[in-house]
Amino acid sequence: MSARRPIPRWADVALLPAINLLLALIVSGLVVLFVGENPFHAIQVIIYGAFGYGEGVGYTLYYATNFIFTGLAVAVAAHAGLFNIGGDGQAYVAGLGAIVVALALDQTHWLIAMPLAVIAAGAVGGFWAFVPGWLQAKRGSHVVITTIMFNFIAAALMVYMVNRVLKPASTMAPESETIDVAGRVPQLRQFFSFFGYSPVNLSIVIAIAALIGVYILIWHTKFGYAMRVLGQNPTASRYAGISNSRMIMITMTISGALAGMVAINEVMGVQNRLVLDFVAGAGFVGIAVALMGRNHPIGIALAAVLFGALYQGGQELQFVIPGITREMIVVIQALVILFTGAMEGLFRPALERAFMLFSPEQKADAIAASTAKTES
Amino acid sequence: MDLSAILSILDATIRLSTPLLLACLAGLYSERAGIFDIGLEGKMLAAAFAAGAVAAITGSAWIGLAAGMSVSLATALLQGVAAITLRGNQLIAGVAINMLAAGLTTFLGQTWFSQGGRTPPLGEGGRFVPINLPFANEVAGVPIIGPIYYELISGHYILVYIAFLMVAVTAYVLYRTRFGLRLRAVGESPKAVDTAGISVVKLRYQAVIITGLLCGIAGAYFSIAQGSGFGNNMTAGKGYIALAALIFAKWKPVPAMFTCLLFGFLDALQIRLQSARLGGVEIPVQAIQALPYVLTVILLAGFIGKAVGPKAGGVAYTKER
């Protein structure tokens, strides 16, 4: 048994996620079948809705923008061995930073407002993750539980802030004042009519920059190296002279700041105001995206587009097939998390065995291993 | 505030803390056995839906309860397979379960009943009715003790009494039986349990099964006792409050009861008061809503006592080869 070898890298980063995705789709297909609809027709509708025409593509990219941010947030923390479930809350409170800057500067120009809002949203989102990080580093409370708690604290805080502080006295709806046109992040449709009326905006450029930035940070800086050492073996990193508690706090702050970028896309790019619950679960989609993307920026970009397509296609789905609501997408997402994150043991051992049998230089090992097993 | 106002808040406290208590005790079994369970919310939600749907179709609250418990059990076993047999990440399994329940209940609810995700309202018999304890009406007139007995102790659903009974049962099982000793041991040092010739896997599955059944009762309480039928996302984060309560109670049954009562009381308070005044300063209702989470964070940080979970929690057991 112990002669098992790890599967080749390409299989680990591409084949295994693909199998898990396929399995998630098959199970979801069975659910669709179970309620009496045709799963193949559903898939067709989703693919056409997501990629079939310009506006659909625009919506797919708009959702993907959010998921890139939250996916990166989960991935950055994961490299340091931390599980940040608080992306939702961090993105939500980051809305405060975005809206304050946007409203203050909406008489100037978006080129001034956007960078400052990025800093403000990043700072607020980062702070919301820094506190759990600090509590883990200095007080020993587990970051998973604290970030869950912080999601709920964020929700209560934001209801208060929107209703009591940001809402103008003249309106009834629980939302902030509207940002003037000059302070909004421009929509891509202003440059390319291809995108129809979709809300994809220049935030996607920030998302691409974030992907590149995270890549450089994790694999090409001393800090990223220290993060990965901490994630692999905290004892080793401590003996290597790395301050684990400092690393945890900084990593969590970066993670929260990345999640906070969702606020730029939603508040300044799409809604043009701060509305309640604008994050709409994007933080949790980030978990699925990071798991599928194997915590690598390229994987995250692909997985984010995949989930963006599922969200947009799912929206389309409920118009075309009334029997299927968009919650089906949440089911697919949950199954992806289940299969790639928690049930990895389902296929990995089988794949390991398969690769041992099919690769010539490992065949001898495999035979030796199986004889050893039968003898014992 | 007069006696009747206080009694009505306390009465609401008991009603609101019941599902918390059931879910909290459910989590206690898993976590004491070394399995982190952040999927309490999902199991409750799934059970609430199943109970609501089946009670609506069959017209029987008891069959609804059984359906809720079965679905919650199945969900718990799925989580168990991931966490115990496949040695997967327990936290991620919990996240997946919560998401799966949120998606499936809304999706199936809409497809089956076409009422925006709601299950049909329950008729006579489909819902649990409050039980009047013996002599409740007779002693209601007695000053002080009468109203307390009549309002506070009598007149709850049977699931409420089951929940509070479960506190005693759990305390007994955990501290006075061989199973309880082994359960606590497997959460602290599975290797020692294994060395003693007891199956770690079997014990952990037993714990997960109990968790599933109790979450099932908690979920059913939402849709066929407290409410009449299932509504979208009906559990509304109560599973996470239960988790917070479990930590706050330091994974012990009797403190779990008091913590759930406290959190239930805060809930009752925020429903009753739109805002409270304390020494001339207005306290927004959202502050009361956030209090259970804030308190748990403060406790976890070791500022008021120290919450240290079972040592082997979160780690799958691998037998040495």
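The following dialogue introduces a predicted model through questions and answers.

Student: How are residues, chains and values to be read in this predicted model?

Tutor: Residues are numbered from 1 along each chain as its sequence is written, and chains are lettered from A and ligands numbered from 1 in the order in which they are written. Side-chain values use heavy atoms, with hydrogens and water left out, while local features need pLDDT of at least 70, side-chain atom pairs count only at pLDDT 80 or more, and totals for chains, interfaces and linings use all residues.

Student: Which helix of chain A gives the most residues to the largest nonpolar core?

Tutor: A nonpolar core is a set of buried Ala, Val, Leu, Ile, Met, Phe, Trp, Tyr and Cys residues joined through side-chain atoms within 4.5 Å. The largest one has 206 residues, and A:Phe67, A:Ile264, A:Leu274, A:Phe307 and A:Ile337 touch the most other members. With 13 residues, the greatest contribution comes from helix H3 (residues 54-79) of chain A; helices are DSSP runs of H or I, at least four residues long, numbered from the N terminus.

Student: Which residues of chain B are in contact with A:Ile337?

Tutor: Contact means heavy atoms within 4.5 Å. Neighbours within four places in sequence are left aside, and the contacts of A:Ile337 in chain A are then A:Phe284, A:Ile287, A:Ala288, A:Leu291 and A:Ala342. Those in chain B are B:Ile92, B:Val95, B:Ala96 and B:Met99.

Student: Is A:Pro168 buried or exposed?

Tutor: A:Pro168 lies in the loop between helix H6 (143-166) and helix H7 (203-220) of chain A. Residues under 20% relative accessible area are buried, those over 50% exposed and those in between partly exposed (1.4 Å probe, protein chains only). Because its relative accessible area is 18%, A:Pro168 is classed as buried.

Student: What angle lies between the planes of A:Phe152 and B:Tyr293?

Tutor: Rings of Phe, Tyr and Trp (its six-membered ring) pair if their centres lie within 6.5 Å; planes under 30 degrees apart count as stacked, over 60 as edge-to-face and the rest as tilted. By this rule there are 20 aromatic pairs over all chains. A:Phe152 and B:Tyr293 form a stacked pair, 4.6 Å centre to centre, with an angle between the planes of 10 degrees.

Student: Which residue of that pair is buried?

Tutor: The pair crosses between chains, from helix H6 of chain A to helix H13 (residues 285-300) of chain B. A:Phe152 has a relative accessible area of 21% and is partly exposed. At 5%, the buried residue is B:Tyr293.

Methods:
Helices (H or I, at least four residues) and strands (E, at least two) are DSSP runs, numbered from the N terminus.
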